[in-house]
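I'm opening a fresh page for this one. Here is what I looked up, in the order I got to it.

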Amino acid sequence: MNQTTEMQTEPIFNLPMIALRGLVIFPNSSVQFDVGRKKSMLAVNAALEHGQKIFLVAQKDLSDDDPGQDKMYSTGVVATVKQVFRQSDNGLRLLVEGLQRATLCEITQQRPFLRADVVLREEIPSTKTPRSEALIRRMQNLFEHYIQNFRQVPPDIVVNVVKQKDCGRLADFIAANVALDYEDKQEILEEKDPVKRLQTLINILEEEIRVLEIENEIAAKAKEQIDLSQREYYLREQMRAIAEELGDEETPLEEADAFRAKVAELALPEVQTQKLLKEIDKLSKMPQSSHEYSVQRNYIETCLELPWNVSDDDTIHLDKAQKILDKDHYGLEKVKERIVESLAVRKLAGDNAANIICLVGPPGVGKTSIAKSVARATGRKYVRISLGGVRDESEIVGHRKTYVGSMPGRIIAALKQAGTNNPLILLDEIDKLCSDFRGDPASALLEVLDSEQNSAFQDHYIDMPFDLSHVMFLTTANDASTIPAPLYDRMDVINLYSYTREEKFQIATKHLVPKQLKKHGLTAKQLKITPKAIREIIDGYTKEAGVRTLERTIASLCRKAAKAVVEDENAKLTINKSNLETYLGPRKFRGEELVKTDEVGLVNGLAWTSVGGEMLPIEVAVMEGSGKIELTGNLGDVMKESAKAAITCVRTRAEGLGIPTDFHSKMDIHIHVPEGAIPKDGPSAGIAMGTAITSALTEIPIRHDVAMTGEITLQGRVLPIGGLKEKSMAAYRAGIKDVIIPKDNEPDLSEIESVVKEAVRFHPVQRIDEVLEIALCKKPKPLPKRKTGEPDPSVLVPSKQGDGKAISQ
């Protein structure tokens with residue numbers, strides 16, 4: 001009850017009120033500020049009409065244009081309006097003097113201006129104690145440090161600070177004249193106890209001084225950097241002026257500045273950026289007339305032209321890729337399937353997970369064109385690097401830039417040509433790399449083709465790491481056996497076999513003929529090549545694994561048609577089988593015609609060549625002699641050994657085949673493999689030679705519609721061979737009905753063309769006895785078993801007729 005009575009006795013004043021934004025007024029301080037809100041201007045007018053007293057209080061949210069009582073602080077200042085300056089119709093400038101702290105009780109009027117009931121707060125006088133004296137001295141020292149190092153204030157303010165000995169008044173005076181945050185000032189205004197008020201100000205001012213010291217340190221460093229830049233600019237301008245006086249059109253400094261700007265635009269990693277900036281600094285200090293200047297300039301230009309951060313969008317769509325491969329290439333189903341699988345892996349796991357594909361096959365089967373199709377299917381730029389005959393490793397990794405005429409290697413040059421860091425690079429003819437005293441380029445390629453290392457490939461000329469992990473590498477080769485083993489191990493090999501006759505026909509009809517007609521400016525009406533004529537061209541005028549000669553032959557017909565059309569605009573040319581020789585001349589190759597009768601000592605072998613499979617007839621002649629063995633037909637060492645193995649195999653089973661057991665000492669055997677000018681080698685003709693030897697010794701004919709391939713051992717086992725697909729196609733072309741193959745090659749039958757399987761019967765065998773049973777027209781009769789003491793009936797004696805034959809006794 002007593003407390004209520006005491007509060008009621010406190011005087012309450014109802015005064016016009018202004019809510020201040022970011023401003024706090026202290027007692028005994030004069031402040032100028034602008035008033036722009038209409039409510040505030042009306043409150044000023046009301047104050048001028050009634051004693052010039054007005055209540056000033058800070059609002060909490062600076063963005064609030066019409067704050068309520070809850071958005072204002074509870075403590076403000078009652079002030080006197082000393083002077084009003086009318087700046088315009090939309091604002092006033094006031095000069096006010098703070099009188100006394102006051103507490104906001106209630107806002108009694110909102111419109112048209114604010115009025116509020118306020119209670120004046122009496123100042124508590126500070127008692128002089130050692131603590132208050134220490135605080136005053138500390139405050140004065142801080143203020144002195146503040147004005148000496150950070151802010152300039154008028155001298156009269158300094159004098160008043162020194163003279164003031166009251167804690168509360170000193171805190172109010174310094175807070176009013178120091179640039180502090182309005183929230184900190186409000187905290188000081190609300191503190192009633194003068195000693196605590198001064199302590200609060202000391203804490204705030206110490207923190208402010210620490211912030212200002214950091215600001216000054218930052219500003220000093222920035223100024224130092226600016227001064228250094230200005231000094232460099234001044235010196236560069238002087239050098240530029242000197243160069244202009246000497247008549248130089250472009251100074252090294254201008255070029256260096258341009259290069260630095262390009263380096264900044266590229267946003268390279270730290271290592272590359274520092275390396276290039278260092279080289280640019282060297283360039284800026286070189287005279288333009290020196291040889292080193294042009295070398296250095298070319299190096300920097302080459303580095304800046306590389307596609308460090310430029311990539312193509314290589315979105316992989318398997319359906320699109322399959323359609324492009326099918327459109328560009330007929331057949332090659334397994335090859336296309338394997339490529340699509342590789343693209344699927346790249347799509348799922350990224351560039352680093354995919355293996356490097358090596359396309360191995362004979363010339364002209366489409367290895368390079370497949371690479372172009374893959375590039376088109378993946379949306380990548382295509383660049384081809386021919387490695388045939390490359391014997392210097394600097395061709396791959398470049399030369400040191402200090403050498404005269406140095407340049408980057410072919411890999412970096414290809415990237416520069418493509419303009420992106422993720423092209424498809426075809427390394428063509430990788431099997432034809434050479435090595436000599438200048439180095440081994442195949443070893444230099446190990447880093448390029450290793451996905452674990454090529455992310456930091458370092459060309460000798462560039463001398464900086466370049467990321468090759470986004471590049472899609474494809475390689476081609478004709479013979480995988482000549483590729484070094486470490487290089488071969490880094491690649492996923494896909495074999496491309498020679499085209500079949502039917503595939504060549506389809507390729508010529510769908511691709512080659514339309515391509516050549518367009519190339520020679522002809523239409524399908526002006527030149528027509530019949531299907532029979534195309535087949536005749538394939539059989540009689542080309543002999544190759546691919547279709548290059550076939551395309552050149554078709555181009556020859558197109559040239560003749562073009563000549564006819566130029567001479568007569570209405571000319572129309574039709575090429576058929578009957579008039580083909582008129583345009584191309586006589587057939588260049590005879591067909592693989594079979595002997596129509598069963599012959600003794602003549603067998604149909606099968607061979608693999610770089611242009612596909614071929615028939616390999618083998619002839620054996622037996623005559624009276626001294627056991628000599630003649631091998632003719634330009635045979636290699638392996639084939640000669642295979643022939644000797646076949647003879648020994650026949651000797652081991654001579655009695656069972658009805659052959660005299662001493663034929664090896666009484667008979668000469670001559671094995672000949674036509675055509676004699678063509679080198680031949682390999683073990684796959686073993687069973688064919690064994691069959692021909694048996695036929696010649698037993699005089700039993702061999703079926704002319706049977707062909708065979710397989711390696712023979714001394715015990716008569718039949719071992720597997722390679723190239724079955726090509727050999728079977730050769731048998732099919734020659735009209736063979738039965739083909740004998742090793743049992744171990746039976747899984748390879750899945751790769752045989754369906755048209756071949758329908759026309760040819762395959763006989764997998766394990767021993768030579770099975771071969772003889774199929775190939776010989778009749779089964780040999782074994783020699784009769786002799787009794788003890790009887791002469792050997794298989795011992796040969798000379799014939800009385802002297803006809804060169806040997807007969808058994």
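Which way does H3 cross H4, left-handed or right-handed? I looked, and H3 passes H4 in a left-handed crossing. Worth jotting down before I go on: this is a predicted model.

**Entry: the H3 and H4 pair**

I pulled up the two axes next. H3 covers residues 130-149 and H4 covers residues 155-163. Their axes come within 10 Å and cross at roughly 165°. Angles over 145 degrees count as roughly antiparallel, so H3 is roughly antiparallel to H4.

Then I checked who touches whom. From H3 I found Gln140, Phe143 and Ile147. On the H4 side they meet Ile157, Val158, Val161 and Val162. Sorted by class, this contact has six nonpolar residues, one polar and no charged ones.

**Entry: H15**

Which residues of H15 are buried? In this helix, residues 410-418, I noted Ile411, Ile412, Ala414, Leu415 and Ala418. I then looked down the axis of H15: the buried residues fall within an arc of 155°, so they line one face of the helix. A reminder to myself: an α-helix has 3.6 residues a turn, so residues three or four places apart point the same way.

Right after H15 comes Gly419, and its phi is positive, near 80°.

**Entry: backbone oddities**

Before hunting for these I wrote down the usual picture: most residues other than glycine have a negative phi, and most peptide bonds are trans.

Where does the chain have a cis bond before Pro112? I found it running from Arg111 to Pro112, with omega near -5°. Pro112 sits in the loop between strand E5 (91-109) and strand E6 (114-120).

I came across another cis peptide bond, joining Pro674 and Glu675, with omega about -5°. Here Glu675 lies in the loop that runs between strand E19 (667-672) and helix H24 (686-698).

On to phi. Asp463 isn't a glycine, yet its phi is positive, about 60°. I placed Asp463 in the loop between strand E10 (457-458) and strand E11 (465-466). Is Asp463 buried or exposed? Neither quite fits: Asp463 is partly exposed, with a relative accessible area of 31%.

Asn634 went on the list too, as a residue other than glycine with a positive phi, near 60°. I traced Asn634 to the loop between strand E18 (629-632) and helix H22 (637-652). Its relative accessible area is 37%, so I put Asn634 down as partly exposed.

How values were computed
Residues are numbered from 1 along each chain as its sequence is written. This is a predicted model: local features need pLDDT of at least 70, side-chain atom pairs count only at pLDDT 80 or more; totals for chains, interfaces and linings use all residues. Side-chain values use heavy atoms; hydrogens and water are left out. Axes are lines fitted to C-alpha atoms, for helices over the stretch in contact, and angles run from 0 to 180 degrees between N-to-C directions. Helices (H or I, at least four residues) and strands (E, at least two) are DSSP runs, numbered from the N terminus. Angles under 35 degrees count as roughly parallel, over 145 as roughly antiparallel, 65 to 115 as roughly perpendicular and the rest as oblique. A crossing is left-handed if the near helix is turned anticlockwise from the far one by less than a right angle, and right-handed if clockwise. Contact means heavy atoms within 4.5 Å. Ala, Val, Leu, Ile, Met, Phe, Trp, Tyr, Cys and Pro count as nonpolar, Asp, Glu, Lys and Arg as charged, and the others, Gly among them, as polar. Buried means under 20% relative accessible area, exposed over 50%, partly exposed in between (1.4 Å probe, protein chains only). The arc is that of the directions from the helix axis to the C-beta atoms.
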